Amino acid sequence: MEAIQTKQIRNIVLLGHSGSGKTSLVEAMLYLTKATDRLGSVSAGNTVSDYDPEEVRRGFSLQASIAPAMWKNTKINILDTPGYFDFEGEVRQCIRVADAAVIVVDGKSGIQVGTELAWKKATEAHLPKAFFINRFDDNEARFRRVYDALREKFGVEVCPLQIPLIEGGEVIGFANLVEQVMYMFDGKTGEYQASPIPENQKEYIDEFRNMLFESIAQTSEELMNKFFDGEEITREEAVEAIHMGIIHGEIVPVFCGAATKMWGIKTFLDTIADSFPRPTARGAERILNQDGTIGHLPIIKDNTAPSIFVFKTVADPFIGKMTFFRVMEGEVSKDSSLRNTTNGVTEKLGHIYTVRGKTQTQVDTLCCGDIGMTAKLTSTNTCDTLTGRAKDIRFYPIQFPKPYYVRGIAPKAKGDEDKISQGISRLLEEDYTLAYKNNAETGQLTVAGLGDMHLDVTIAKLKSRFGVSVELTEPKIAYRETIRGTADVEGKHKKQSGGRGQYGHVKIRFSHGEDEGLTFKVSVVGGAVPKNFYPAVEKGLQDAMKQGVLAGYPMVELVADLYDGSYHDVDSDELSFKIAASLAYKAGMTQAKPVLLEPVGTLEVTVPDDYVGDVMGELNKRRGRVSGIEPKDGLQTVVAEVPQSEMTDYVIALRAMTQGRGTFVYEVTRYDEVPANIAQKVIEAARKEA
């Protein structure tokens, strides 16, 4: 077989709401192109792209997968993505290396939240888009309702290419609006027979042809004039306008069919091969300049040093680290040595593969625009650029969402903490929407993700891949304590047990300070406490401040003025004064009106107008203080201050409240006093745990 050339490649990402049929569409495309010899199904757990044991068990996609297929001498790299919101990182990886997006829509459900989010993500990435309305084997599917909703929601550029013909509630065939013929698809082979459009369907067809011509008229002034003058747009003009319109994103074609019955798949593949953009269509690739700004690099497919961009990493317990990449320029070969421009390390690509689901095929070369995988790169991670150029370049990295859903994580078996850390560190290499922290202040191991499903899958991977069983718990909040009053106390440590004794005596005034830690002052006169013991007093106070008197949380913002005391020529030493200082601390804190402090952060919630009221009401329940509402990109951003303790499940609440349309950013900015009724509960819980 001849080597694949750049002009033969189409990189297509499938997007859409969970359950719309993306994985089934992949199966149909692979089967029809003879990339597989059987038509798998999600329910049977035998699809090519959902091969992970967790995906098979749960019955939906959890990770991005790649499935190349050959059609009409064109290599179509199909990138299948999860529809569930918790796995957005996987979606963004595929969008970064795709050249066009196909948004799959359920013919019964129509536009869903995932449809809107897919459109938004593809638009932000400047990808040409198309719709595939799926499941027209279901009698409850309504093409006209779904199509009209798409055109109303997303604009006149949404245009039909293939529509179902329905009689008596049954699909009798599909009409190709450009060729003006009806197709009947074979449910086993995907092949079709063309026949004339029935007379009773022509008026219906003409209505959709008019919508098609209205859309393609937007692509040129000449076609616009012909359309408005009522002149016929020829087949050749329509084909060329569709071809160029898709490439430049000026039209959004709508396909329809039924993936599980192979309806509409062949004509869909024909259009991808004939009219979807090749990798060089956009002319330039985004890069990251040294000053952090976005630049553009012309795509050079031939006669240049190779450069690749790593868009995905998988920590496989058997194969090792699998690095998925797209060739951004030049041609990459096995045994190539490329320099990682992030860290300067030169990596050797011993073997390169194309991957279809879990099946790997070794190849000698991959051309510009193609997608492949290599294994066991030691110093390369997701978003890295590897190049053979003399001068460093960095392709623009994937912008991953920040994980805010935090849970404590603990081993079910004692002593497995190290196993957790080792397993999580491997998972962190492949999942940039996962975070792991050993919180020194609370003494708790925590893991953060994009939602409860994300973390549920993470702990399942820890068990299946790394053999460690864990449980998730409520995250502990890093409360602190301070004082609001003053206290004038003394601390005396005196111990005599034969031989040399211990003696330390201090008098200290405590008050609230502005600096976060201890502000230590000395106003001793007359040498009541020798200078060489001042550091011991300060150290004794600092050690004592690690535990407050209310609930054992660290003490902050404390001023201590050592103003008097006494010493013994023989028995006084540093340890005695440290102990004396801690005794003074314990006595002083109880007298100086101690209070509990909690972390408070700035929250920015961005939602459509319809949800602003619900967001405000929810924030009131969470002790939030709203400071303003600002318009942002056609949405509304509610700005508020909210205690961290009220944010632990906000990801889930906001998603439920807005059906997934809301997003937020949150950052702890300060500490504030906990209301008395809540403080009492926190104190009781801390004492009970202690």
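**Two sheets, a pocket and a cavity**

Helix H6 (residues 202-216) lies across strands S7 and S8 (170-176), and the helix runs at about 155° to S7. Helices (H or I, at least four residues) and strands (E, at least two) are DSSP runs here, numbered from the N terminus. Lying across a strand involves contact, meaning heavy atoms within 4.5 Å. The angle is taken between axes, which are lines fitted to C-alpha atoms (for helices, over the stretch in contact), and it runs from 0 to 180 degrees between N-to-C directions. All of this comes from a predicted model, in which local features need pLDDT of at least 70 and side-chain atom pairs count only at pLDDT 80 or more, while totals for chains, interfaces and linings use all residues. Residues are numbered from 1 along each chain as its sequence is written, and side-chain values use heavy atoms, with hydrogens and water left out.

What does H6 lie on? S7 and S8 belong to an open sheet of four strands, ordered S7-S8-S9-S10 and paired antiparallel. At its edges sit S7 (162-167) and S10 (192-195), each pairing on one side only. From one strand to the next, the twist averages 35°. Two strands count as a pair if DSSP finds at least two bridges between them. S9 (residues 181-185) and S10 have four such bridges, in the antiparallel sense. Met 184, for instance, has Gln 193 in S10 as its bridge partner.

A second open sheet also has four strands, this time in the order S25-S26-S24-S27, again with antiparallel pairing. Here the edges are S25 and S27 (470-473), and each of these pairs on one side only. Neighbouring strands are turned by 35° against each other on average, with direction ignored. S25 (residues 435-439) and S26 (residues 444-449) run antiparallel and are joined by five bridges. The two make a hairpin with four residues in between, and Gly 443 in the turn has a positive phi of about 70°. On the other pairing of S26, four bridges tie it to the antiparallel S24 (residues 405-411). Thr 446 turns up in both pairings: Lys 437 stands opposite Thr 446, and Gly 408 has Thr 446 as its bridge partner.

S25 and S26 come up again at the second largest pocket, which has a volume of about 730 Å³. A pocket is an open set of points on a 1 Å grid over the protein atoms alone, with protein on both sides within 12 Å along at least five of seven lines; a cavity is a set of points where a 1.4 Å probe fits but cannot get out, and lining residues have an atom within 4 Å of a point. Grid points are joined across faces, edges and corners, and the volume is the space filled by probe spheres set on the points. This pocket is lined by 24 residues, and those closest to its centre are Val 406, Lys 437, Asn 439, Gln 644 and Val 668. Two or more lining residues come from each of S25, S26 and S36 (663-673). S36 has the largest share, at five residues.

As for closed spaces, there are three cavities of 30 Å³ or more. The largest has a volume of about 140 Å³. Among its 15 lining residues, Phe 87, Glu 90, Asp 431, His 454 and Lys 461 are the closest to the centre. Helices H3 (88-97), H10 (417-430) and H11 (452-466) each give two or more residues to this lining. H11 gives the most, with four.

Is H9 mostly covered or mostly uncovered? In H9 (residues 265-275), 10 of the 11 residues are buried, including Phe 268, Leu 269 and Ile 272. Buried means under 20% relative accessible area, exposed over 50%, and partly exposed in between (1.4 Å probe, protein chains only).

Two charged side chains make a handy closing pair. Asp 561 is in S32 (residues 558-566) and counts as buried because its relative accessibility is 16%. Leaving aside residues up to four places away in sequence, Asp 561 touches Lys 507, Ile 508, Arg 509, Lys 521, Val 522 and Ser 523. Arg 286, in S12 (residues 284-288), counts as partly exposed because its relative accessibility is 25%. With the same sequence neighbours set aside, Arg 286 touches Arg 96, Ile 294, Gly 295, His 296, Phe 395 and Tyr 396. Its C-alpha atom is separated by 38 Å from that of Arg 670, 384 residues apart along the chain.
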